[in-house]
Amino acid sequence: MKSMKKIEQFIRAGKGKHTTNPQMDERTIRDSFAAMEQTAQPRSHKIVIPEKFLKPAIVAAAAIIAIGLLIAHWIPSGNQGPGEQPKATSSPTRLLTAASLSITYRRGGMEAVEEQYRQAFDSLGPRPAAITVKELLEEQNDI
Amino acid sequence: MIAEKILVWRFNNRSRSAFQRIYEKYKDDLLGLAVTLLRDRSVAEDVMHDVFVSFAQKAGTFRLSGTLNGYLSTCVANRARDRNRSKSGKAVGLDVVQDKAANSNDPADRAVLGERAHRLAQLLACLPDQQREVIVLHLHREMSFREIAHAMDVSINTVQSRYRYGLNKLRVILNGEVAQ
């Protein structure tokens with residue numbers, strides 16, 4: 001009566017020695033390399049949306065944009081506390097640009113513009129005590 | 001194990017030498033597996049060819065979860081099973097196997113296989129494909145039952161049952177031979 005262990009040993013020992021022949025090796029390697037080359041071809045990375053999803057996708061995109069715009073409109077910009085001076089930028093040169101002054105005027109009116117000028121001139125150095133904002137603006141407009 | 005990971009990494013970077021090294025490393029053992037499962041050397045060579053070409057196509061996207069040996073052995077076993085199914089390979093009885101043995105006394109074939117391997121091939125031919133697969137993968141390819149179960153997409157209990165039934169059947173045949 002042969003035991004299971006002996007049968008297992010018999011099967012293990014009966015493992016045949018097989019060697020591939022050179023023709024087979026050559027054919028397999030050649031075809032495999034060709035397959036590797038084929039898969040290496042660059043593929044286009046287009047996003048393909050099925051037709052049935054196209055309309056819902058457009059509607060969803062439009063809704064997202066609309067919600068984004070509404071949120072931007074409703075939420076006030078952050079630095080507008082009651083006691084804070086609105087400030088567009090910190091560099092004296094930039095403080096005096098038309099864009100910066102325009103933003104400051106919209107945020108805080110003429111007083112804010114005046115304050116911004118004062119800050120800019122403070123950091124730029126001495127200035128004539130007599131000159132006013134009005135004169136300065138006139139001067140700028142002339143230029 | 002690390003060497004294998006590096007080899008797979010290089011293969012994924014489409015290194016031809018890495019692929020060639022994998023082929024050289026496993027080709028003979030996998031051919032042995034295919035011959036044992038299919039009992040036909042030319043079909044076994046075709047299966048080997050298909051397995052490696054298919055493996056080469058995975059270069060760049062191949063993800064190895066177990067061992068390369070286990071992966072390639074499973075590929076060979078799966079393809080062998082398909083081939084056996086396509087030629088309606090049913091389990092054959094001992095009488096048919098004995099007839100086969102009588103007919104396959106080709107000296108070249110026997111010299112290649114060796115007497116013991118030849119005898120084993122005859123005996124394994126008595127088993128249903130699934131039992132033969134499990135026995136060969138476990139005892140020749142040294143795959144664990146868990147690995148085989150994962151590869152064949154069945155439970156580990158099923159694999160162990162197939163293994164036990166297969167060995168029992170072989171034992172009955174061998175004991176019958178001894179009694180004669």
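Start by selecting H2 of chain B and looking along its axis: the helix has a kink of about 50°, centred on B:Lys27. Keep in mind as you go that this is a predicted model.

**Just past the kinked helix**

Stay on chain B and move to the end of H2, where B:Arg39 comes next, with a positive phi near 60°. This residue sits in the loop between H2 and H3 of chain B. What makes its backbone worth a click? B:Arg39 has that positive phi although it is not a glycine. Is B:Arg39 buried or exposed? It counts as buried, because 21 C-beta neighbours lie inside 10 Å and the cut-off for burial is 20 or more.

**A second loop to compare**

Now select B:Asp153, in the loop between helix H9 (145-152) and H10 of chain B. Here too you can check the backbone: phi of B:Asp153 is near 60°, a positive value in a residue other than glycine. Its surroundings are another matter, so show the neighbours: B:Asp153 is exposed, with 8 other C-beta atoms within 10 Å.

**Chain B as a whole**

Zoom out and colour chain B by secondary structure. You should find ten helices and zero strands, following the pattern α-α-α-α-α-α-α-α-α-α along the sequence. Of its 180 residues, 35% count as buried. If you draw a contact map, look away from the diagonal: among contacts in chain B with a separation of 6 or more, 71% are between residues 24 or more positions apart.

**Over to chain A**

Hide chain B for a moment and give chain A the same treatment. Chain A has six helices and zero strands, so to speak a run of α-α-α-α-α-α from the N terminus on. Of the 143 residues of chain A, 10% count as buried. On its contact map, residues 24 or more positions apart account for 27% of the contacts with a separation of 6 or more.

**Where the chains meet**

Bring both chains back and select the residues that touch across them. How many residues of chain B are in contact with chain A? There are 33, and they meet 26 residues of chain A. On the chain B side, at least two residues each come from helix H2 (16-38), helix H3 (41-57), helix H7 (115-124), helix H8 (129-139) and helix H10 (156-179). The kinked helix from the opening stop returns here: H2(B) gives the most to this side, with nine residues. Finally, colour the side of chain B that touches chain A by residue type, and you will see 17 nonpolar, eight polar and eight charged residues.

Definitions and conventions:
Residues numbered from 1 in each chain as written. Chains lettered and ligands numbered in written order. Predicted model: local features only at pLDDT ≥ 70, side-chain atom pairs only at ≥ 80, totals over all residues. Contact = placed C-beta atoms within 7 Å. Helix = DSSP H or I, 4+ residues; strand = E, 2+ residues; numbered from the N terminus. Nonpolar A, V, L, I, M, F, W, Y, C, P; charged D, E, K, R; others polar. Buried ≥ 20, exposed ≤ 12 C-beta atoms within 10 Å, placed from the backbone. Bend = angle between axes of the 7 residues up to and from the residue.
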